[in-house]
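Biologist: I would like to learn how to read the empty spaces and contacts in a model. Could you take me through one, step by step?

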Amino acid sequence: MSCCNWRLSLLTSFDVAAVRAQFPILQQEVNGHPLVYLDNAATTQKPESVIEAIANYYRFDNSNVHRGAHALSDRATEQFEGARNKVAEFINSPTSLQVLWTRGTTEGINLVASSWGREHLQPGDRVLVSAMEHHSNIVPWQMVAQEVGAKVEPIPVDELGVIDLAVFDSLLDERVKMVALGHVSNALGSINPVEDVIQKAHAVGAKVLVDAAQSIAHWPIDVQRIDCDFLAFSAHKMFGPTGMGVLYGKRELLETMRPYQGGGEMIESVSFAGTVYNRLPYKFEAGTPNIAGAVGMGAAVDFLRGLDRSGADTHEKQLLGAAEQALIELGGFKLVGRAEHKVAVMSFVADFAHPQDIGMILDQQGIAVRTGNHCAQPIMDQYGLPGTVRASFSLYNTQADIDALMAGLAKAKMFLA
Ligand code: PMP
């Protein structure tokens, strides 16, 4: 191998060592080796500030919210609603009433499919999703489509992992009522042209849901600028806790949608003669919410806002470039997903072994990657693959992680080829 021409240049001003030091979990050994965590598309690790915010909430402030009867409840409510305000500002939502707490991207999409879909989809209507969607942005639409007699159709994706906008144009007509699109593919890393898609979809009167699960950690998203109708994301993919997410929606849509679930909190008054629903956002938040999750989400937003985000983006791009070049130089591997615009997700297959066997050998060396179809079976089927090995990088990953991955893959090649 020509000496190290794929190594990262140290030109970036982003201080990766300082950021990395904030993640206690990364300072450990796994299977006798320093942990190399490259499964960030599945979930990111949590900085000390998020862990502390959640622990302190339980240590000092735990109580139920919106009950107002005592000091702890007031404190819990203040933190819970304060976190909602932080998220609203983070995505530039016009109001925090349009920020609904969910348990993750999956629940946000199910909420829209179920509540908006049942109301607005008619027999013969069409829902377009890309061929590389995560199952959570396919199955909820199939469920409602089956119920109302609508159709879910794929927007084709090419060999590189790119949506063809000309083909998308040709699919649009007045029967298309919803376009549900991942901002970034978790399986391939492709960044989709959501702004173009939104403009084109709106021109035929369709609504657009953006699945931001894989983009929210990578760059600032302005919901008013991109003009999406709905945006769903998960806290755990942006350095926050699991079991927590956000659904943003345009106010006029949310106001007229029926509640997703019934129960406490979501009602104004209940009687056997009839029930009056609560106002936004509570109409969609039945039951005791994940208060600690909201607190953790607020802390995750603070963490992201405190970063040099464009420096982090440059750092991640450099990691991807270095890792892809190193993989090619190693030989015997093929990249899956070669879009020009990508986040730092490197999906690949080997010509000598099954992805799962490679994953096992890497794990023995303390290297965490994901193997399988990444909940994106349709695109794997299209490529004729059972799955891939996916190394997904975050802002705390380093050149040393890439070196370890390459050494691990060289070992896999030695054992399995
Ligand atoms: N969409 C995409 C693109 C994803 O990567 C994921 C998680 N892998 C989801 C949706 C679902 O997110 P969650 O499991 O947090 O609900």
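Modeller: Gladly, and let us begin with contacts. A polar contact is a pair of N or O atoms within 3.5 Å; within protein, one must be able to donate a hydrogen and the other to accept it, and residues adjacent in sequence count only if both atoms are side-chain atoms. Please keep in mind that this is a predicted model, where local features need pLDDT of at least 70 and side-chain atom pairs count only at pLDDT 80 or more, while totals for chains, interfaces and linings use all residues. Residues are numbered from 1 along each chain as its sequence is written, and side-chain values use heavy atoms, with hydrogens and water left out.

Biologist: Which ligand atom does His134 contact, and at what distance?

Modeller: A polar side-chain atom of His134 is 3.3 Å from a nitrogen atom of the ligand. For Thr106, a polar side-chain atom is 2.6 Å from a ligand oxygen atom. Thr105 takes part through its backbone, with a polar atom there 3.4 Å from an oxygen atom of the ligand. On its own the ligand has 400 Å² of accessible area, and the protein covers 84% of it (Shrake-Rupley method with a 1.4 Å probe; for residues, only the protein chains shown count as cover).

Biologist: Which residues come nearest to the ligand?

Modeller: There are 13 residues around the ligand, and Thr106, Asp211, Gln214, Ser234 and His236 come nearest (a residue is near if one of its heavy atoms lies within 4 Å of the molecule).

Biologist: How do I read the pockets?

Modeller: Rolling a probe the size of a water molecule over the atoms shows where empty space is left. On a 1 Å grid over the protein atoms alone, a cavity is a set of points where a 1.4 Å probe fits but cannot get out, and a pocket is an open set with protein on both sides within 12 Å along at least five of seven lines; lining residues have an atom within 4 Å of a point. Grid points are joined across faces, edges and corners, and a volume is the space filled by probe spheres set on the points. Here the largest pocket holds about 450 Å³ of space. Its lining has 32 residues, with His134, Ser136, Asn186, Gln214 and Lys237 nearest the centre.

Biologist: Where does the largest pocket lie with respect to domain 1 and domain 2?

Modeller: It lies between them, because domain 1 (12-41 + 308-410) and domain 2 (56-305) both give residues to the lining (domain bounds come from an automatic or database domain assignment). Helix H4 (105-120) and strand E16 (370-372) each supply at least two lining residues (helices, H or I with at least four residues, and strands, E with at least two, are DSSP runs numbered from the N terminus).

Biologist: What is the chemical make-up of that lining?

Modeller: The lining of the largest pocket has seven nonpolar, 18 polar and seven charged residues. In this scheme Ala, Val, Leu, Ile, Met, Phe, Trp, Tyr, Cys and Pro count as nonpolar, Asp, Glu, Lys and Arg as charged, and the others, Gly among them, as polar.

Biologist: How many cavities of 30 Å³ or more are there?

Modeller: The count comes to two cavities. The largest cavity has a volume of about 100 Å³. Of its 14 lining residues, Asn40, Ala41, Gln214, His218 and Phe393 are the closest to its centre. The second largest cavity has about 30 Å³ of space. Helix H11 (residues 309-330) gives the most to its lining, with four residues.

Biologist: And the backbone?

Modeller: Most residues other than glycine have a negative phi, and most peptide bonds are trans. In this model the peptide bond from Leu280 to Pro281 is cis, with omega near 0°. Pro281 sits in the loop between strand E12 (276-277) and helix H10 (291-305). Asn92 is not a glycine, yet has a positive phi of about 60°.
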